[in-house]
Amino acid sequence: NPFKNGPGLIEVSAEDIRQRILTKEEEQRLLAVCDCDERQRLKSILICLLDTGMRFNEVITLTWADVDFVSGVLNIKAFNTKTAKPKTVAITARLRAELDRLWAERRPSDKSGVLKPDDRVFGVKSNVKSSWTTARRLAGLDDVRIHDLRHTFGTRLNQLGLTQASIARSLGHQQLSTTYRYINADETLLDTVRSAMDGFHSTASGSKE
């Protein structure tokens, strides 16, 4: 039996790297259900994840000392990154609005009444599993994982025409091959490919006549 010889048609490792990306409408639904007092902090975290492509651990360990309001960037320390290398990411307009709000609402971490530079921006010390599970259920997105927001960021940069090298730097990847896994074939890409192939076949058919 040829199906029993050699590698299988579907490799488990290849299946594992398939990721889910959010459409703009799904993102709006997700952020909408977080627009309440009990999930307002989660909303800020999700916006940071979607707009920077940062890893979840990089986001929750972000301190106010890492935020450069003047230059409009976040400076992520090497020991908080997966690659053990520091990196800098841009602050988008809507992320800036969230940071401004959090800065205005900040509270000192000790009884001295003094805000320490190492105080965490989002005030999260472990995870947001409970609020995240509730939010995605209310948004009808039970299949979405936190890490999928990073894939969404990478795919959107690709849609906007950024080079593979630029996307790799934005995601903090050392190898371009890793970046390829973060760029998914969404409906926009599929439509582009479909139109291109239809055009090819149309031209080929016309040349024979």
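## The nonpolar core

A nonpolar core is a set of buried Ala, Val, Leu, Ile, Met, Phe, Trp, Tyr and Cys residues joined through side-chain atoms within 4.5 Å. In this predicted model, the largest such core has 35 residues, and those with the most contacts inside it are Leu-46, Leu-74 and Phe-122. Helix α3 gives the largest share of this core, with seven residues, while α2, α3, α4, β2, α5 and α6 each supply at least two.

The surroundings of Phe-122 can be listed in detail: leaving aside residues up to four places away in sequence, Phe-122 touches Arg-41, Ser-44, Ile-45, Cys-48, Val-59, Leu-62, Leu-99 and Leu-102.

## Overall composition

The secondary structure of the chain comes to ten helices and three strands, which follow one another along the sequence in the pattern α-α-α-α-β-β-β-α-α-α-α-α-α. The chain has 209 residues, of which 37% count as buried, and it exposes about 12,600 Å², with carbon and sulfur atoms supplying 54% of that area.

If one takes the contacts between residues at least 6 apart in sequence, 60% of them join residues at least 24 apart.

## The sheet

The three strands form an open sheet in the order β1-β2-β3, with antiparallel pairing. Because β1 and β3 (87-90) stand at the edges and each has a single partner strand, one side of each is left without a neighbour in the sheet. Strands of a sheet pair, in general, through backbone hydrogen bonds, in either a parallel or an antiparallel arrangement.

Between β2 (residues 73-76) and β3, the antiparallel pairing extends over four bridges. Within this pairing, Leu-74 stands opposite Val-89 in β3, and Asn-75 stands opposite Thr-88 in β3. The side chains of β3 alternate along the strand: Lys-87 and Val-89 point to one face and are buried, whereas Thr-88 and Ala-90 point to the other face and are not buried. Leu-74, the partner across from the buried Val-89, is also one of the residues with the most contacts inside the largest nonpolar core.

## Helix α6

In helix α6 (residues 129-138), the buried residues are Trp-132, Ala-135 and Arg-136. When the helix is seen down its axis, these buried residues fall within an arc of 90°, so they line one face of α6. The buried residues of α6 pack against two other helical segments, namely α2 (24-33) and α3 (40-52), and just after α6 the backbone at Gly-140 takes a positive phi of about 70°.

## Aromatic pairs

A search of the whole structure finds three aromatic pairs. One of them joins Trp-64 and Trp-103 in an edge-to-face arrangement, at 5.0 Å centre to centre and with 70° between the planes. Since Trp-64 lies in the loop between α4 (56-60) and β1 (67-68), and Trp-103 lies in helix α5 (residues 93-105), this pair ties together parts that are 39 residues apart in sequence.

The two partners have their own levels of accessibility: Trp-64 counts as buried because its relative accessibility is 8%, and Trp-103 counts as partly exposed because its value is 34%. The cut-offs behind these assignments are under 20% for buried and over 50% for exposed, with partly exposed in between. Ring pairs also bring in Phe-69, linking it with Trp-64 and Trp-103 into a cluster.

How values were computed: Residues numbered from 1 in each chain as written. Predicted model: local features only at pLDDT ≥ 70, side-chain atom pairs only at ≥ 80, totals over all residues. Heavy atoms only, no water. Buried < 20%, exposed > 50% of the residue type's maximum accessible area, 1.4 Å probe, protein only. Arc of directions from axis to C-beta. Contact = heavy atoms within 4.5 Å. Phe/Tyr/Trp six-rings, centres within 6.5 Å; stacked < 30°, edge-to-face > 60°. Areas by Shrake-Rupley, 256 points an atom, 1.4 Å probe, with all protein chains shown as cover. Pairing = 2+ DSSP bridges.
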